[in-house]
Amino acid sequence: MRILIVEDEPKSGAYLQKGLAEAGYVVDWVGDGIAGQHQAEVEDYDLLVLDVMLPGQDGWTLLGNLRRIKSLPVLFLTARDDVNDRVKGLELGADDYLVKPFDFVELLARVKSILRRGQPREVTTLRVDDLELDLVRRKAVRKSDTILLTAKEFALLWLLMRRTGEILPRATIASQVWDMNFNSDTNVVDSAIRRLRSKVDDHYHPKLIHTVRGMGYVLEARSFQ
């Protein structure tokens with residue numbers, strides 16, 4: 001599971017990242033509210049651990065903006081221990097509120113509790129129009145045709161289908177599928193999309209994988225085709 005920490009105090013941020021990573025989570029850490037909101041919007045996380053007092057914009061604003069776009073479990077972790085602050089955080093949609101200083105064992109217990117609550121029933125099949133992706137057998141089927149995919153093609157199609165209708169920038173695709181920072185000089189994403197299209201789109205209708213110029217790629221069935 002992936003956790004995003006938004007914490008401006010370097011010592012605290014490094015401590016949290018190290019502790020949660022040792023507990024088995026994939027952890028990213030950013031140090032200001034603007035970067036934190038961007039990261040939470042463009043990447044897929046299972047939990048956001050959020051400070052209140054942040055440079056750029058505070059945690060209240062970040063959570064309010066984020067809630068208009070997506071649902072993501074949030075644990076406020078802050079030195080502000082006034083009851084009104086706790087109420088405000090929960091009213092904005094936070095799942096829990098832990099006051100600094102804290103015991104890491106308690107933090108970890110709260111993280112596990114939130115993640116258990118937020119886990120949906122396991123999905124084993126994704127479907128968009130007549131394209132089906134079997135996550136157990138790791139194969140794609142379209143119009144009763146089995147489509148053989150490499151491991152990376154499967155991961156790419158899984159990402160596109162999980163986020164159907166959402167325009168995914170090349171940087172997001174590179175990070176999610178290849179676990180790499182996007183380099184504008186590489187065409188790895190474009191090449192992979194071309195190969196995937198040749199398998200799932202070229203011989204079928206409607207076309208499902210679309211290029212959005214200057215932005216990225218989106219998988220969706222368009223009624224006007």
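Of the 225 residues of the protein, 43% count as buried, where buried means under 20% relative accessible area with a 1.4 Å probe and only protein chains considered. This is a predicted model, in which local features need pLDDT of at least 70 and side-chain atom pairs count only at pLDDT 80 or more, while totals for chains, interfaces and linings use all residues. Residues are numbered from 1 along each chain as its sequence is written, and side-chain values use heavy atoms, with hydrogens and water left out.

Begin with the whole chain, whose C-alpha trace spans about 60 × 35 × 35 Å along its principal axes. The protein has 8 helices and 11 strands, these being DSSP runs numbered from the N terminus (helices H or I, at least four residues; strands E, at least two).

Next, select residues 139-142, which form strand β8; Ala140 and Arg142 make up its covered face, whereas Lys139 and Val141 lie on the uncovered one. In a regular strand the side chains alternate between the two faces of the sheet.

Extend the selection to strand β7 (residues 131-134), which pairs with β8 in the antiparallel sense over 4 bridges; strands are said to pair if DSSP finds at least two bridges between them. Leu133 stands opposite Ala140 of β8, and in the hairpin of β7 and β8, with 4 residues between the strands, Arg138 takes a positive phi near 55 degrees.

On moving to strand β9 (residues 145-147), one finds 3 bridges that join it to β8 in an antiparallel arrangement, with Arg142 opposite Asp145. The hairpin of β8 and β9 has 2 residues between the strands, and here Lys143 takes a positive phi near 50 degrees.

Now select Leu133 and Leu157, which touch the most other members of the largest nonpolar core, a set of 27 residues; such a core consists of buried Ala, Val, Leu, Ile, Met, Phe, Trp, Tyr and Cys residues joined through side-chain atoms within 4.5 Å. Among the elements that each supply at least two residues of this core are β7, α6 (151-162) and α8 (188-200), and α6 gives the most, with 6 residues.

Around Leu157, leaving aside its neighbours within four places in sequence, show Leu131, Leu133, Ala140, Leu149, Leu196, Val200 and Leu219, with which Leu157 is in contact, that is, with heavy atoms within 4.5 Å.

Finish on α8, where the buried residues include Ile193, Leu196 and Val200, and where the cover over the buried residues includes β8, β9 and α6.

Notes:
Buried < 20%, exposed > 50% of the residue type's maximum accessible area, 1.4 Å probe, protein only.
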